[in-house]
Every structure is written in structure tokens, then in C-alpha cells.
Amino acid sequence: MAEKLVPVVCPWCSVGCRFYIVNVNGYPKKIEFDYEHDTRNHGKLCPKGVSSFQYLRHPDRLKKPLKRVGERGEGKFVEISWEEAIREIAQRLKEIKEKYGPEALAFLGSERCSIEENYVLQKLARALGTNNIEYVCRMCQSTAVAGKGMVLGHPGLTNPFEDILKAKVIVLWGYNPAATNPVFFGQYIEKAILDNGAKLIVIDPRKTKTAKYADMHLQPYPGTDLAIALAMLNVIITQELYDKDFVAERAEGFEELAKTVEKYTPEWAEKVSGVPAELIRKAAITFATAGTAALLTNEGVNQHANGTRTVMALTEMMVLCGYFGKEGVMSGAIPGAHNGMGAGLMGVEPESLPGKFPLHAEEHRRRIEEVWGFKIPEKPGITYVEMIDAILEGKLKALYVMGTNPAKALPNLKKVEEAFKNIEFLVVQDIFLSETAKYADIVLPAAAWFEKDGTAISFERRVQRSFKAADAPGEAKPDWEIIVMLAKELGLGEYFNYSDVDDILREINRTIPPLAGATPERLKKNLKGCMVPCPDENTEVPRLFVQGFLTPNGKAQLIPVEYKEPGEVPDEEYPFWLTNYRLVGHFHTGTMSHRSKSLSKRWPEEYIEINENDAKRLGIKDGDLVRVETRRTALVFKAKVTPHIREGVVAAPWHWDFNYLTTDVLDEYAKMPELKTAACRISKVEG
Amino acid sequence: MSKKIFIDFKRCIACKACEVACEMEHGEARIRVFEFPDLTSVAFNCRHCEKAPCMEVCPVNALSKDDDGAVVLDPLKCIGCLMCAVACPFGIPKIDEYNKIMDKCDLCAHRRAEGKLPACVSACPTEALKYGDINDVLWAREGKIVAELKDIGDRTNVLEAYLIR
Ligand code: SF4
Ligand code: SF4
Ligand code: SF4
């Protein structure tokens, strides 16, 4: 038995945990912990990491290309050869492009694929003449990217993980790391609290495993976080708790901001959010007077129609207190998947080029065109949710989906299904026959994360290489290989002349200056990787904003923010606030985790949390079936009666069918759909 | 010297990585995480008692202590009489329905033989599970308090600082 230990990066969340896959003759046998290396996880793993080889050999794995024979959505296919599949895709894409123009084509990249794969996919879209290229960041981080971008000029996590150990106060806002990033929580946050005495402030409508450690827990109605943020700004400014020197030196727009937040008192915020004014005041004072602070946000803040505004207000709080650029500080939003940040940096976005340079940045466009050898289309593409509308309007005819599952991840799923039933041509490249793949004309079998070499960027901005640790089943191939095959068939071979991932990474090094130093040689030699920006092989940047911000004049822009309600709020007809959350044992739409034996056994089904007083009023007992109805549709859940959610709010994990209930109202800046709240009514299912 | 897994329930976040890690090693999890309504949770496995009742009642001496002090089962001797299950105050030994013999935590004997930690301890992201000799574990805790006192002591009078706390 030839047993080999291959170092990999965890395929699930974005902490960037390292471990080994024990490979026996190409077969993944189990995982082994990494005790020796200086890894970010110190060898530790959460249940997803430990069991992450389980889904690899699941019998449902796609092993051959498939062509649809039944109705769309029915999931009936016949096996075809790779040659046939690639030929047909190329032909249909060409036809559609000729008939309707390149903007009738769109591509979806993936936070679950490597940076190399995302890079070649966006390059293919652009080579075909369209900027219609997107990935799920639109649905989890885009408001944070837009909000922090406007204030600071860069959206990344500001400091290395170690800095949180020195923070005096930690604010976790709409973020439950004990369930979503357990290793980051256990190795850094929990140590800061239990061992180093940091104070913890949690803002979340639910009392979570994270909130268990909180000194202060603010429980707002979902989507009213902005009211609390504005009131905290009000307290910090009116009580003069801000860092006057820092603001004078490194920020502009203070007067305007101060004037705007005058009316947003804690008493006002109490009426809007349901959080006692005194608690908001106390939180603001604790935060501002701590000396060092970490303020981490996630989807509880991001996924709202007022998400960008909330992120701006929170970032401004950090600026006012002068926390940026210091040790013992941390600010950022946490991508959901292991390469959430990497895909974005590769330019898998309708309005930005590789390196996140805006499409209209003449100088960068020219430079990249020179590397690529063809012209980049100038017209910005359309965003993820807008693609669905464009399909329904008949403007978008073909969609190419790589490793992502919009038919379960998007809000208002009935509408999405309608779109996928009516699209002219749909290709899905994935490891399982996902909900989306069931609508596809052609399905291509892809290699899973451990079955290929590739690079990912964790939420710490750390670039790490993962190595091939198992053979792909059947005829499944790495995503980059499939894209290159297709590009060649489309007659674009000269631009896609790669024989391995290292070739692609070397081109990335040339195309994206902040990644110039993340060479294949460096990443292979140094498993700990390096932190972006890494402009050359000896450099990396652990801490952002030490000198100035990345805005044009280097100063933080304190843009005043006004309050805006979430997209849908309860009324007489739909009196409850509905929200969702994640379970530690599942990942996104469950394509992989529902197929992992040890995970699905422990986290088998969805349920809805309802406050004990609400339950009593409605005659609902723990375990009863309840019908939850929004303006879109209704679902039935098992009730979990608990004191840990505030009255008037109900919440369910989103890994199952939750998105049939959600609305597709968009944030005005980032076009993020409001996935985190909706108005609903509930009733007990009798009988 | 006897080593054990110590459980610090203050740190447990009920993530069940320990259960899953154990399941990966043994096919079935021998450690269980219990959650309580107030959000506390405790991972619970064999205590490998100094005077282990399971060992004492076993009629065929299938249970014994190994060099590290772990109570381990010899599957070739076990007759599945369930005496150990009845005797164990923590309800740890379980019958393996397929083989009709007992199954229990052995502190991952095969991993220890390779110089590795028990799987559950390796995984636990919060270090709620610690493996070691009781004196070392206690010393690590006391050491921290002593270090803190020393730190304060450098600035004021140690005794005074201690009394203030
Ligand atoms: S914390 Fe995230 S990266 Fe680490 S093992 Fe768990 S899922 Fe993987
Ligand atoms: S020591 Fe090994 S057998 Fe015992 S509970 Fe932990 S993982 Fe399971
Ligand atoms: S792995 Fe650690 S934190 Fe997670 S449930 Fe087990 S003991 Fe608790």
C-alpha cells in the first residue's frame, strides 16, 4: 500500500485551515492533522474539515458528461463523450453570440474553485466579448466590498489573525463565528476573550454559541442594524469619544457626518430596532474607549437592502476611533467559502478586471490587453440577480455555470426556476448534479477540490497552495482543463496556452501586480503562503492602512449615511420578521455537506426557531409542524421553541429550501439581494 | 504516568468536531457532545478511571490499563456480557451490535502508538479537550494565574494584589 500524506487547504469556509489527505493508491482514505507546520489553524479542524473527504467518493459524483433528454428541471440525461459535449457547447455559444451578440452570453465563476480556474473563466468570457461574469460574492460580500471600498478604498480584512489576541474589545456584528468559522473562533476569538480578557459585544437577533461569550448582546430586528450603527456613531460623536488627531489627520467629511447622525439618538434607534437605548449607549462607549478593537461583520449585516449603508456606518465607527493601521485591531467581513476572496480578485465581476481594477481604468485595461493579446469589452456586464431578470426578459440566452448552485442560492427561487426553464442554453460544470444542473442542457463532470492542484485566498488575505491528493472519479476533470478545452474548440486556443496550473498562476503574477510575488515556486516551498498584496517574492502585507488608506487621496471618506429600512418589514398581514442562519455542520446549499455521512447524520433537517412567548400565543409546541408563509410562497418546518431568539422574529437554517421564501429586493449600491430578512406569517399545521 | 482527556466545558462550542473525528477513526463516535438549554455544552467520553469499575467487574479480564493509563478493551477476550456497561457510572461502554462485543474509547491507542494525539483532542478547535497528565494540565492553569500575579506583583505588592482579586 503506497500511503502518501498530501497537504491541502480546507475546501469549506475561508479560515484557510491546512491538513493532510491520506492517499492510498490515489484513493482518499482519511485526513490527518498537521501538527508541525505553522498553520493558521494550529492543526485544529471543525467537523466539516475532519469529514471533508467523505463526499469525494459519494456514488452521486458526476463521472461522465451528460446531455439532457427530459424536460428542464426533471434531471433526465444520457451520457455523452467529452468531444461531443465540448463540440456542442462551443457550437451553441457561437450560434447564440452570432445571432444575439456577445451580451446574450453570461458566465458564473465559483468561490469553490481555485484562483487559476476563476481567472481562465473570466478570461474566456472576455475573449468572447462579454463582461457578463459573476460569482456568489454578489450575495454575501458585495455590500461589504462596496461600503468599505467607498470609505477606505479596500475591502480586505485589515490585520493578521494574531492581532485579535491583543484586541481589548471584539464586536461581532451579524456574524456567528462559533458556527461559521469554528477554528478562527476557537484559536483566536475565544482565546482573546477567555485568556486575555477581551470584552465581547455581539449584535444578532439570535442568542448563538458566539453570543454565549458576550458581555453585551444586542438583539435587533433583522435588517435594523443600521439604526444601531447610526446611534453608536451619534454617541461616539456627541460624547466626544473619537480620536480627534486621527480624524483630523487621516479622514475627511467629519462635520457632515456629525451633522447627519445628530438626529439618530439611541432613543430613536430603540424604537426602530427594539434594542434598549441604554445598551446601545453602553456598547458605543465600550467600543470607543477600549484602545484597541476588532469589528467583524458578516452576512447578518451584508445581506440586506441597506447592507452597504450599514457597512459604511460601521467602518466609519472604526475610523472615528482611530483604530486602523494598528496592532490589536481587526476589521473586515468574512467570505463564506475558501476562495471567496480569490475569485473576486481574479476579476470574476461584471465591472472589474483582474486585480479588482474598475473596468474603466484605462491604464490597467491596456496593460491586461497587452498580456492577453485581445481587446477587453468595455460595456460593463450585468450582476448575478439581474441575470435572472435578463433571462426572463429574453435578453440573456446562454448561461455557463462553473461550480455554483444558483437554483438554490438565489432569493425568490420560484422565479429562478422559471428563468432556468426558459433559458435557451444552460451549461453546468460541477461535481454533483446540483439543483441547477437539473435544468442544464449539458452537464460536465468536474474534479473536486482535493483532486487537483490550485491556489486559494483565505479571508486573512492569505494565498495558499493546495495539492492534488486523490484521483478524480470516472472522466471528471479539473475545471481549468475543461475551460481550456472549450476555449480551444471556440478557436481561442492561442489565448489559452496553458499546460498546467502553474502556467496560469504565472500569468496571474504578471496580470495582477498585488499578486506578482505569489509565484508557484514560493507557494510550493512555503505552505503558510503569503498575504496579499505581495508585490514581489520577498514581500507581503500583513497589516493594511498603516500609512494611509487606499482612497485616491489616502484619507478615509466619512460619507454621511441616512437610515433606510430593510426591503421588506412586517405588517398586519405578515407580522413576523423572518431570518436565517448557518449550521456548523453544513455548507451553503449543501451540495457537498448533505452528501457527507457524518455531517448529515448530525445535522439532518431544517427547522424553525420561534420564541417561547410567540409560540405560546400561537399554540405551537416544540416539534409541531408550522407553516411559514411569505409573499412568495410557503414552506412547512418543524418548530423549535426557544428563548434564544427575540420575540417577533423567527429563524431557520438556510441550507435547505429557505430561499423559496426570500425576496429579491436589491441593495442600491451593490445589488445584493435581501437574503437575510422577509416578512412572514406562521401558523400551526393541524392534524 | 496516567494521561487523560480533560474537558473544559467553558470552551466548548458544541461544534461536534470531536464526535466526527472519533467517528472517522473508529467508524462510530465514542465521544458524545451534550447540549443544554442554556447554551452550555459538554463533550463526554470515557474517564479512564483510576479505579475503573468496568475493569473490576469484567469476568474475563477483557479490560485492562495500558502504559498511558487508558482503559482498553481486548476484543478477543470480550464475551459481550454487558457487565462493564452496567458498572460504568458514566454509561460509556456500548455494545457493538454487529460483533456483539463491547466498544469503548481507548484514547486512540493506535494514534498514541504513532506519537499522535487522540483524534478528538487533535480536532477540537477551541481546545476544550486537552490530553495530558493531570499535574501538567493543572500546572498550566495555575501557572497562568501565578504568572498574572507575578505580573501585577512587579508593579505592586503581590499579597495586596491577591487580596484585591
Ligand atoms: S474552520 Fe473552515 S477552513 Fe477550518 S476546518 Fe472548518 S470549514 Fe475548514
Ligand atoms: S480518544 Fe479517540 S476513541 Fe476516545 S473519544 Fe477521542 S477520538 Fe474517540
Ligand atoms: S470539538 Fe471541542 S468545541 Fe467542538 S464539541 Fe467537541 S469539545 Fe466542544
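Reader: Into which classes do the residues of the shell around ligand 3 divide?

Author: In this predicted model, the shell around ligand 3 divides into 12 nonpolar residues, one polar and one charged. There are 14 residues around this ligand, and the closest are B:Cys12, B:Cys15, B:Lys16, B:Cys18 and B:Cys124. Cys counts as nonpolar and Lys as charged, so B:Cys12, B:Cys15, B:Cys18 and B:Cys124 belong to the nonpolar class, and B:Lys16 to the charged class.

Reader: Which residues are around ligand 2, and how does the shell divide by class?

Author: The residues around ligand 2 are B:Ile5, B:Cys22, B:His26, B:Arg30, B:Ile31, B:Asn45, B:Cys105, B:Leu107, B:Cys108, B:Pro118, B:Ala119 and B:Cys120, and by class they make up nine nonpolar, two polar and one charged. Arg is one of the types that count as charged, so B:Arg30 is the charged residue of this shell. Helices H1 and H5 of chain B each supply at least two residues of the shell.

Reader: What surrounds ligand 1, and which helices contribute to the shell?

Author: Ligand 1 is surrounded by A:Cys10, A:Trp12, A:Cys13, A:Gly16, A:Cys17, A:Leu45, A:Cys46, A:Lys48, A:Gly49, A:Pro182 and A:Val183. Helix H1 (47–50) and helix H7 (182–194) of chain A each supply at least two of the shell residues.

Reader: Why does the shell around ligand 1 divide into eight nonpolar, two polar and one charged residues?

Author: Gly is counted among the polar types and Lys among the charged ones, so A:Gly16 and A:Gly49 fall in the polar class and A:Lys48 in the charged class. That agrees with the division into eight nonpolar, two polar and one charged.

Reader: What makes the pair A:Arg602 and B:Glu23 a salt bridge?

Author: The rule asks for a side-chain nitrogen of Lys or Arg within 4 Å of a carboxyl oxygen of Asp or Glu. The side chains of A:Arg602 and B:Glu23 meet at 2.7 Å, N to O, and this value lies within 4 Å, so the pair qualifies. Across the interface of chain B and chain A, the rule finds nine salt bridges.

Reader: Which helices of chain B supply residues to the side that touches chain A, and how is that side made up by class?

Author: Helix H1 (17–26) and helix H5 (119–123) of chain B each supply at least two residues of that side, and H1(B) gives the most, with seven residues. By class, the side of chain B that touches chain A has 17 nonpolar, four polar and 13 charged residues. The contact as a whole takes 34 residues from chain B and 34 residues from chain A, and the area buried between them is about 2,700 Å², of which carbon and sulfur atoms give 53%.

Reader: Why is A:Thr286 called buried?

Author: A residue counts as buried under 20% relative accessible area, and A:Thr286 has 17% relative accessibility, so the word applies. A:Thr286 is found in helix H12 (residues 277–289) of chain A, and a polar atom of its side chain lies 2.7 Å from the backbone oxygen of A:Lys282. Leaving aside neighbours within four places in sequence, A:Thr286 is in contact with A:Val169, A:Lys199, A:Ile201 and A:Met216. Its C-alpha atom is separated by 7.6 Å from that of A:Val169, although the two are 117 residues apart along the chain.

Reader: How do you know whether A:Thr143 is buried or exposed?

Author: Its relative accessible area is 0%, which is under the 20% limit, and therefore A:Thr143 is buried. This residue lies in helix H5 (residues 142–152) of chain A. A polar atom of the side chain of A:Thr143 is 3.0 Å from the backbone oxygen of A:Asn302. The residues in contact with A:Thr143, beyond four places in sequence, include A:Asn302, A:His304 and A:Asp667.

Reader: Where is A:Ser114, and why is it called buried?

Author: A:Ser114 is found in the loop between strand E6 (105–108) and helix H3 (115–127) of chain A. The relative accessible area of A:Ser114 is 0%, under the 20% limit, so this residue is buried. Not counting residues up to four places away in sequence, A:Ser114 touches A:Asn339, A:Trp449, A:Gly454 and A:Thr455.

Technical notes. Residues are numbered from 1 along each chain as its sequence is written. Chains are lettered from A and ligands numbered from 1 in the order in which they are written. This is a predicted model: local features need pLDDT of at least 70, side-chain atom pairs count only at pLDDT 80 or more; totals for chains, interfaces and linings use all residues. Side-chain values use heavy atoms; hydrogens and water are left out. A residue is near a molecule or strand if one of its heavy atoms lies within 4 Å of it. Helices (H or I, at least four residues) and strands (E, at least two) are DSSP runs, numbered from the N terminus. Contact means heavy atoms within 4.5 Å. Buried area is the accessible area (1.4 Å probe) that two parts lose on being put together, summed over both. Buried means under 20% relative accessible area, exposed over 50%, partly exposed in between (1.4 Å probe, protein chains only). A polar contact is a pair of N or O atoms within 3.5 Å; within protein, one must be able to donate a hydrogen and the other to accept it, and residues adjacent in sequence count only if both atoms are side-chain atoms.
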